[in-house]
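Student: I'm new to this structure and would love a close look at a single part. Could you pick one strand and walk me through its surroundings?

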Amino acid sequence: MQKQLLPFYHHLIIIIFTFFTLQIAAEPLKEQLFTEPKDQQILPLKNICSRSPWANIVWIHVHDDEETAREVALQTLSHLQQGCLLDLQHGGSRDIYVQNADISYHFDPNRIFTQQGRQEAIKCDDGDCRLAMPELTQAVEQLISQYLQYAQLIVAVHNNHAHGLSILHYANGSAGANDTLQTAINPQQNPHNFFLVTSRQAYEFLSKRGFNVILQDNDRVQDDGSLSVWAAHKKIDYINIEAERGHNDNQVEMLHAVWAYMQTYYLK
């Protein structure tokens, strides 16, 4: 019985800690605009920073319709007074839409981090579709060069909805099982609140704290262009926080667990 209560008390302590820390006034965050080659506006990105950016850790938010993830991440950074959030802001939609004199197309910004992913992600609407691939590739390579290539840890914040993605999608016999090396499912947790990670270290740390966690199979995972696939190819520690839309408390709790992980392995 005592072992079963430990995850409950762990979560309760985090929620209480968060409630009181969010009452403390924090300095405003500072925004830095991402400079793309040739003044393109393919990836409308802002780097929003607190007082002390991390040298080797990146937090990123790519889907502009996932507002809970952005809101909680920025609140957390503000009160930590550390770190930055790379935030793609593109009109509140999931996809990014590009339109200029030559071409009109759109794409899912979490499917563009590999060449194969970009080829499948680009949806051409009008104009000379041959132009889309080189200009998107140039923008992505600039993003990677400026922010991601030297990271040791990348933390992505996402939201899903009640009838959408959950950890059960990755369970044995499910659609995502082939991309998964191991899963930890806590029946007391909402299945829509889970982590997807690329390292055994992160998997063990988070699963031992009672969270739902997926360990990606980095050797067999399908190359869909997602940031988790790119990070695995580059051998960068990657944590994706998936929380149900509107579940702010759950996303706060998960971010505080990541903060503890960062302090244990990266901010000593």
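Tutor: Happy to! Let me start with a term: two strands pair if DSSP finds at least two bridges between them. Please keep in mind that this is a predicted model.

Let's take strand E12, which covers residues 237-244. On one side, strand E8 (residues 153-160) runs parallel to E12, and eight bridges join them. You can find this pairing at Leu153, which stands opposite Asp237 of E12. Strand E10 (residues 194-197) also pairs with E12, but here the two run antiparallel and are joined by four bridges. In this pairing, Phe194 has Glu242 of E12 as its bridge partner.

Now look at how covered the strand is. Eight of the eight residues in E12 are buried. In a regular strand, side chains alternate between the two faces of the sheet. Here both faces are covered: Asp237, Ile239, Ile241 and Ala243 are buried on one side, and Tyr238, Asn240, Glu242 and Glu244 are buried on the other.

The partners of E12 lead us on to the nonpolar cores. The largest one has 39 residues, and Ile154 and Trp230 are among those with the most contacts inside it. Both E8 and E10 are among the elements that give two or more residues to this core, while helix H4 (132-148) gives the most, with nine residues. Apart from this core lies another, of 36 residues, including Leu153 and Val157. So Leu153, your landmark opposite Asp237, belongs to that other core.

Conventions. Residues are numbered from 1 along each chain as its sequence is written. This is a predicted model: local features need pLDDT of at least 70, side-chain atom pairs count only at pLDDT 80 or more; totals for chains, interfaces and linings use all residues. Side-chain values use heavy atoms; hydrogens and water are left out. Buried means under 20% relative accessible area, exposed over 50%, partly exposed in between (1.4 Å probe, protein chains only). A nonpolar core is a set of buried Ala, Val, Leu, Ile, Met, Phe, Trp, Tyr and Cys residues joined through side-chain atoms within 4.5 Å.
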